Amino acid sequence: MSLRRQPSEERLLAYAAGTLSVPESVVVATHLALRPQTRAWTDLGEAIGGAILEEAEPIALDGQALDATLALLDAPASSGEPAVPKGADASLPAPLRHFPLGPWRWLGPGVHVRDVLGPRDGDCRVILLRIAPGQCAPRHTHGGVELTCVINGAYATEDGVFSPGDFEEADPSVTHQPRVVSAEPCLCVAALDGQIRLPGKLGRLLAPFVRL
């Protein structure tokens, strides 16, 4: 799979249709929050979905539906943004700031990872990865699909530089070693399906220490 600076059209349409896994949706939503110009494909998907609903056969509502809807009119209005839960980080992009976060864990020199608690689908989960300037993540491939969106800073791979808002899709055919090229630490959010895989004999020795 080739690397891109935005999600594939298929993934954006799946996001609009609500068929992406929750972890993947969180990362795509973060990209859209940072790069709203990418929304053309999701807007198209939502328009197609709306047209399909318009043509669908109507279904009779439950007898209590009208009363339930009217009762909502009497409910107190929400006062702005919902409260940030304990353990969350209000400085993150909107799709992330209402999830509690696990503690930072050491992954290697200058490399730390923390879990985004809540969005999970089987082995697919969301993490935040922070890498210090000039440092590299371990060279690795993937047990499944890895979706990454840069929040702050920038990193480089063989395919070029990824800056804030840039999105990377990688699968088991991709082996890379992101290296931070910004003067500030690089913070990314990633949806991981399965564990990363470290190639070679050294990788097998280090694997127990870099599990995500």
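**Helix H2 and its surroundings**

Helix H2 is mostly covered, with ten of its 13 residues buried; buried here means under 20% relative accessible area, exposed means over 50%, and partly exposed is what falls in between (1.4 Å probe, protein chains only). The structure is a predicted model, so local features need pLDDT of at least 70 and side-chain atom pairs count only at pLDDT 80 or more, while totals for chains, interfaces and linings use all residues. Residues are numbered from 1 along each chain as its sequence is written, and side-chain values use heavy atoms, with hydrogens and water left out.

As for the whole protein, it has five helices and eleven strands; helices (H or I, at least four residues) and strands (E, at least two) are DSSP runs, numbered from the N terminus. Of its 212 residues, 39% count as buried. The protein exposes about 11700 Å², and carbon and sulfur atoms supply 58% of that area; accessible areas come from the Shrake-Rupley method with a 1.4 Å probe, and for residues only the protein chains shown count as cover. Contact means heavy atoms within 4.5 Å. Among contacts between residues at least 6 apart in sequence, 64% join residues at least 24 apart.

Back to H2. This helix runs over residues 22-34 and reaches 19 Å from its first C-alpha to its last, close to the 18 Å expected at 1.5 Å a residue (the expected span is 1.5 Å times one less than the number of residues). Its buried residues are Pro23, Glu24, Ser25, Val26, Val27, Val28, Ala29, Thr30, His31 and Leu32. Valine 22, also found in H2, is partly exposed, with a relative accessible area of 45%. The C-alpha atoms of valine 22 and arginine 125 are separated by 8.4 Å, though the two residues are 103 apart along the chain.

Histidine 31 sits in H2 as well, and at 1% relative accessibility it counts as buried. Leaving aside neighbours within four places in sequence, histidine 31 is in contact with Arg5, Gln6, Pro7, Thr38, Cys149, Gly165 and Phe167. Aspartate 166 belongs to the loop between strand E7 (160-162) and strand E8 (167-170). That aspartate is buried too, with a relative accessible area of 8%. With neighbours within four places set aside, the contacts of aspartate 166 are Arg5, Arg35, Thr148, Cys149, Val150 and Val161. Arg5 and Cys149 thus turn up on the contact lists of both histidine 31 and aspartate 166. From aspartate 166 to cysteine 188, 22 residues along the chain, the C-alpha separation is 9.8 Å.

Now for helix H1. In H1 (residues 9-17), Arg11, Leu12 and Ala14 are buried. Seen down the axis of H1, these buried residues fall within an arc of 160 degrees, so they line one face of the helix; the arc is that of the directions from the helix axis to the C-beta atoms. Turned away from that buried side is a face carrying the exposed residues Glu10 and Ala17. Leucine 13, another H1 residue, counts as partly exposed at 29% relative accessibility. Its C-alpha is separated by 9.8 Å from that of alanine 40, 27 residues apart along the chain.

Alanine 14 of H1 has a relative accessible area of 17% and is buried. Outside its neighbours within four places in sequence, alanine 14 is in contact with Thr19 and Leu20. Alanine 14 and serine 25 are eleven residues apart in sequence and 9.1 Å apart in space, C-alpha to C-alpha.

H1 and H2 pack at an angle of about 105 degrees, with their axes 11 Å apart; axes are lines fitted to C-alpha atoms, for helices over the stretch in contact, and angles run from 0 to 180 degrees between N-to-C directions. The two helices are therefore roughly perpendicular to each other, the label used for 65 to 115 degrees (under 35 counts as roughly parallel, over 145 as roughly antiparallel, and the rest as oblique). On the H1 side the contact is made by Arg11, Leu12 and Tyr15, and on the H2 side by Glu24, Ser25, Val28, Ala29 and Leu32.

Between the two helices, glycine 18 comes just after H1 and takes a positive phi of about 75 degrees. Serine 21 is in the loop between H1 and H2 and, at 14% relative accessibility, counts as buried. Leaving aside neighbours within four places in sequence, serine 21 is in contact with Asp121 and Cys124.
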